[in-house]
Amino acid sequence: MRLDKLTIKTQEALSEALGLASDAGHPQIEPLHLLASLIGQEGGAVPSILQRLGVPPAQVAQAIGPHLNQLPKVTGANAQPGLSQATQQVLDSGWKFATQLKDEYLSTEHVLLGMLKAD
């Protein structure tokens with residue numbers, strides 16, 4: 001993944017997702033981590049999109065919490081979590097949307113679309 005082809009907000013979301021996974025002791029960054037970070041972005045597009053759809057971001061964030069708590073944890077390892085296969089699929093799917101829209105950069109909107117489309 002080329003970080004120079006990610007918007008700043010997408011880079012921030014991935015960094016925040018890494019922090020969420022790491023703080024929780026999760027071995028991988030899962031789509032739920034990424035979604036939680038996208039929803040929590042101040043001034044980000046995803047909370048605005050959800051609001052326009054009539055879906056309160058806070059309600060989605062609350063629904064994610066229990067699922068994050070159920071993810072596997074590792075102890076004693078100081079390794080940074082890596083991207084899970086599912087998260088990589090989300091990003092790949094987001095890239096397909098960006099390409100179709102002739103966008104040069106992967107934005108948070110593309111990532112959200114990738115989450116909706118990922119198998």
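Which residues does L38 touch, not counting residues up to four places away in sequence? Select L38 in this predicted model, and then display A13, V46, P47, T108, V111 and M115, which are the residues that L38 touches once residues up to four places away in sequence are set aside.

From L38, widen the selection to helix 2, which spans 31-39, and colour its buried residues, namely H33, L34, L35, S37, L38 and I39. These buried residues pack against helix 1, strand 1 (28-29), helix 3, helix 4 (57-69), helix 5 (85-100) and helix 6, so it helps to show those elements as ribbons before going on.

Next comes the largest nonpolar core, which has 22 residues, and among these L34, L35, L38, V111 and M115 touch the most other members. The elements that give two or more residues to this core are helix 1, helix 2, helix 3, helix 4, helix 5 and helix 6. As a general background to this stop, nonpolar side chains in soluble globular proteins tend to be buried together.

Now turn to the largest pocket, whose volume is about 180 Å³, and select the residues that line it: L35, I39, I49, L50, L53, V55, V60, E109, L112, L113, M115 and L116. Two or more lining residues come from each of helix 2, helix 3 (45-52) and helix 6 (108-117), with helix 6 giving the largest share, 5 residues. Colouring the lining by class shows 11 nonpolar residues, no polar ones and 1 charged residue. L35 and M115, which line this pocket, are also among the core residues that touch the most other members.

Move on to Q41, which is placed in the loop between helix 2 and helix 3. Is Q41 buried or exposed? Q41 counts as buried because its relative accessibility is 9%, and, leaving aside its neighbours within four places in sequence, Q41 is in contact with K9, E12, A13, P47 and T108. A13, P47 and T108 were also listed at the opening stop, as residues that L38 touches.

For the last stop, select K9 and E12, whose side chains meet in a salt bridge at 3.8 Å, N to O; the structure holds 1 salt bridge. K9 and E12 are 3 residues apart in helix 1 (residues 8-24), and therefore about one helical turn separates them. K9 is partly exposed, with a relative accessible area of 30%, and E12 is likewise partly exposed, with a relative accessible area of 39%.

Definitions and conventions: Residues numbered from 1 in each chain as written. Predicted model: local features only at pLDDT ≥ 70, side-chain atom pairs only at ≥ 80, totals over all residues. Heavy atoms only, no water. Salt bridge = Lys/Arg side-chain N within 4 Å of Asp/Glu carboxyl O. Helix = DSSP H or I, 4+ residues; strand = E, 2+ residues; numbered from the N terminus. Buried < 20%, exposed > 50% of the residue type's maximum accessible area, 1.4 Å probe, protein only. 1 Å grid on protein atoms, 1.4 Å probe; cavity = no way out; pocket = protein on both sides within 12 Å on 5 of 7 lines; lining within 4 Å. Points joined across faces, edges and corners; volume = space filled by probe spheres on them. Nonpolar A, V, L, I, M, F, W, Y, C, P; charged D, E, K, R; others polar. Contact = heavy atoms within 4.5 Å. Core = buried A, V, L, I, M, F, W, Y, C linked by side-chain atoms within 4.5 Å.
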